[in-house]
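Work through the exercises below with the sequence and the model at hand. Try each task before reading its solution.

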Amino acid sequence: MNTLSASVTSMDLSTHLCALRTIVGADIFELILVENPLYLVDDAVTLVFKETEVILLKPPISSCSANALTGTIKSIEDGIVLTSVALTYHNTTVVSLITTSAFKRLELGIGDEVVWMVQPSEISLLRGDNGV
């Protein structure tokens with residue numbers, strides 16, 4: 001699992017959904033939660049998402065998508081079916097698990113900059129030591 005430390009910046013609430021915005025460094029991450037959480041602006045939270053949910057794109061790319069960020073490839077572990085790509089992002093590592101054939105088509109290597117994305121509905125939220 002990928003984890004990032006963040007702070008809550010704002011939220012929009014409806015009856016059963018919450019659009020939560022958080023900040024990691026200078027980057028905004030948007031989350032869609034099926035709950036009405038009791039977070040306050042500036043609350044510290046931890047974002048958690050699976051490696052299989054990290055989408056890689058080769059720059060330059062123009063995107064208005066939420067959660068489209070840049071990182072640098074730190075390591076690559078090729079497999080027959082899947083490739084694990086570790087990215088450096090804000091002094092932490094984000095891992096993407098992508099099909100080997102798709103990764104080969106990107107023609108990327110260690111040290112290359114990539115755009116990575118995670119859909120807002122695929123990020124879970126942890127707060128402190130109390131779990132979800």
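The exercises below concern a predicted model, and each task is followed by a solution in steps.

**Exercise 1. The nonpolar core**

Task: Find which residues have the most contacts inside the largest nonpolar core, and how many residues this core has.

Solution. Step 1: The largest nonpolar core has 31 residues. Step 2: Leu 4, Phe 29, Leu 47, Leu 56 and Trp 116 have the most contacts inside this core. Step 3: Take Leu 47 and set aside residues up to four places away in sequence; the residues touched by Leu 47 then include Leu 4, Phe 29, Leu 31 and Ile 123. Polar residues are also on the list for Leu 47, among them Asn 2, Thr 3, Thr 22 and Ser 124. Step 4: As a general background, nonpolar side chains tend to be buried together in soluble globular proteins.

**Exercise 2. Aromatic pairs**

Task: Classify the ring pair of Phe 29 and Trp 116, then the ring pair of Phe 49 and Trp 116.

Solution. Step 1: The structure holds 4 aromatic pairs. Step 2: In the pair of Phe 29 and Trp 116, the ring centres are 6.1 Å apart and the planes stand at 45°, so this pair is tilted. The pair links distant parts of the chain, with Phe 29 in strand β3 and Trp 116 in strand β9, 87 residues apart. Phe 29 and Trp 116 are both buried. Step 3: In the pair of Phe 49 and Trp 116, the ring centres are 5.9 Å apart and the planes stand at 20°, so this pair is stacked. Here too distant parts of the chain are linked: Phe 49 is in strand β4 and Trp 116 in strand β9, 67 residues apart. Both Phe 49 and Trp 116 are buried. Step 4: Ring pairs join Phe 29, Phe 49, Tyr 89 and Trp 116 into a cluster.

**Exercise 3. Two residues and their surroundings**

Task: Decide whether Ile 123 is buried or exposed, do likewise for Leu 87, and list what each one contacts.

Solution. Step 1: Ile 123 sits in the loop between β9 and β10 (124-126). Its relative accessibility is 3%, and buried means under 20%, so Ile 123 is buried. Step 2: Beyond four places in sequence, Ile 123 is in contact with Phe 29, Glu 30, Leu 31, Leu 33, Leu 47, Val 48, Phe 49, Asn 67 and Val 118. The C-alpha atoms of Ile 123 and Phe 29 are 9.3 Å apart, while 94 residues separate the two in sequence. Step 3: Leu 87 belongs to strand β7 (residues 82-89). With 0% relative accessibility, Leu 87 counts as buried. Step 4: Leaving aside neighbours within four places in sequence, the contacts of Leu 87 are Leu 56, Thr 72, Ile 73, Lys 74, Thr 92, Thr 93, Val 94, Val 114 and Trp 116. From Leu 87 to Asp 12 the C-alpha distance is 31 Å, with their places 75 residues apart in sequence.

**Exercise 4. The surface**

Task: State which residues form a nonpolar patch on the surface, and where Val 34 is placed.

Solution. Step 1: Leu 17, Ile 32 and Val 34 form the patch, and together they have about 280 Å² of accessible area. Step 2: Val 34 is in the loop between β3 (27-33) and β4 (44-49). Its relative accessible area is 69%, and exposed means over 50%, so Val 34 is exposed. Step 3: Ser 14 is in the loop between β1 (2-13) and β2 (18-24) and is partly exposed, at 39%. The C-alpha atoms of Ser 14 and Val 34 are separated by 9.8 Å, and the two residues are 20 apart along the chain.

**Exercise 5. The salt bridge and positive phi**

Task: Which residue forms a salt bridge with Arg 21, and where do Asp 42 and Glu 107 lie?

Solution. Step 1: The count comes to 1 salt bridge. Asp 12 forms a salt bridge with Arg 21, with the closest N and O atoms 2.9 Å apart. Asp 12 is partly exposed, at 45% relative accessible area. Step 2: Asp 42, in the loop between β3 and β4, is not a glycine but has a positive phi of about 80°. At 63% relative accessibility, Asp 42 counts as exposed. Step 3: Glu 107 lies in the loop between α1 (100-106) and β9 (113-117). Its phi is positive as well, near 50°, and Glu 107 is exposed at 62%.

How values were computed. Residues numbered from 1 in each chain as written. Predicted model: local features only at pLDDT ≥ 70, side-chain atom pairs only at ≥ 80, totals over all residues. Heavy atoms only, no water. Patch = residues over 30% accessible without salt bridge, like charges linked within 9 Å, V, L, I, M, F, W, Y side chains within 5 Å. Areas by Shrake-Rupley, 256 points an atom, 1.4 Å probe, with all protein chains shown as cover. Salt bridge = Lys/Arg side-chain N within 4 Å of Asp/Glu carboxyl O. Helix = DSSP H or I, 4+ residues; strand = E, 2+ residues; numbered from the N terminus. Buried < 20%, exposed > 50% of the residue type's maximum accessible area, 1.4 Å probe, protein only. Core = buried A, V, L, I, M, F, W, Y, C linked by side-chain atoms within 4.5 Å. Contact = heavy atoms within 4.5 Å. Phe/Tyr/Trp six-rings, centres within 6.5 Å; stacked < 30°, edge-to-face > 60°.
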